[in-house]
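The following exercises concern the structure shown below. Each task is followed by a solution in steps.

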Amino acid sequence: MAYADRNDGGNKVVAIVIVALIHAALGYAFVTGLAYQYVKKVSEKLNTFDVAPPPPPPPDEPPPPPPDQPLTPPPVVSPPPIVRNPNPPVVQIQTQATPPPVYTPIPTAPPAPPPAPPPPRVNQAAGAKGNPADWITTDDYPPSALREEKEGTTSITWTINTQGRVENCRVTGSSGSSDLDEAACRAITRRGRYTPAKDQDGNPIATSQSRRVVWKIPK
């Protein structure tokens, strides 16, 4: 019996909870529906509300015209007096004669000198007087070249004039020592003697000869 009463009490509690949930759901639906209807009506009122623009301001009144002012005439300026000179100055025009152009002759180049006549044709060669080998010997060795023990070969050329004398000796090939070269020309000029060469008419003419001098220190 006590167990049956306990079951009936539990069923009542469950039924009460279910009824309470149903009422809560109905109340929530009612409240949310009313709120939605209220918000919808308020939004419709806001959407249909028109705001009238403010009226434009009245136009500005134009300023009154300035009072009339009398016009002042410009001052009268008299022109300057005209001064007339009864005796105007006489303008003298001086003319200057242009001198005639000065003719400057252009200097002409002097005529070219005539070509030199061809050398006379040698009909007879110059002949040495004596032995040319004795004209330059070891006795002509310069002392300075001996001290420095210089040796070499000097090539010289000289002119035989119409008297058969040696002149215008020049070195055509140096030995490497100026003392030896000068000694060769000095000896041939002092000792060389010739019978002058002659042309085809038998007249003496100048000719030239050459020689090589070997300088070697005597032992």
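**Exercise 1.** Determine how many disulfides this predicted model contains, and describe the link.

*Solution.* The criterion is a pair of cysteine sulfur atoms within 2.5 Å. The sulfur atoms of C169 and C185 are 2.2 Å apart, and these residues form a disulfide. The count under this criterion is one disulfide. The torsion about the S-S bond is -70 degrees, and the link of C169 and C185 is left-handed. C169 belongs to strand β4 (residues 166-173) and C185 to helix α3 (residues 178-191), so the disulfide ties together parts that are 16 residues apart in sequence.

**Exercise 2.** Decide whether C185 is buried or exposed.

*Solution.* A residue is buried under 20% relative accessible area. C185 has 12% relative accessibility, and therefore counts as buried.

**Exercise 3.** State the strand order of the open sheet of three strands, and identify the strands at its edges.

*Solution.* The order is β1-β6-β7, and the pairing is antiparallel. The edges are held by β1 (122-124) and β7 (204-205); each has a single partner strand, so one side of each is left without a neighbour in the sheet. Strand β6 (residues 197-199) is joined to β7 by two bridges. For K198, the bridge partner in β7 is P204.

**Exercise 4.** Assess the confidence of the prediction, including that of residues 1-5.

*Solution.* The mean pLDDT of the protein is 79, with 73% of its residues at 70 or more. Over residues 1-5 the pLDDT is below 50, and this stretch has zero contacts in the model beyond near neighbours in sequence. Where pLDDT is low, predicted coordinates should not be read in detail.

How values were computed. Residues are numbered from 1 along each chain as its sequence is written. This is a predicted model: local features need pLDDT of at least 70, side-chain atom pairs count only at pLDDT 80 or more; totals for chains, interfaces and linings use all residues. Side-chain values use heavy atoms; hydrogens and water are left out. Helices (H or I, at least four residues) and strands (E, at least two) are DSSP runs, numbered from the N terminus. Buried means under 20% relative accessible area, exposed over 50%, partly exposed in between (1.4 Å probe, protein chains only). Two strands pair if DSSP finds at least two bridges between them. pLDDT is the predictor's confidence in each residue, from 0 to 100. Contact means heavy atoms within 4.5 Å.
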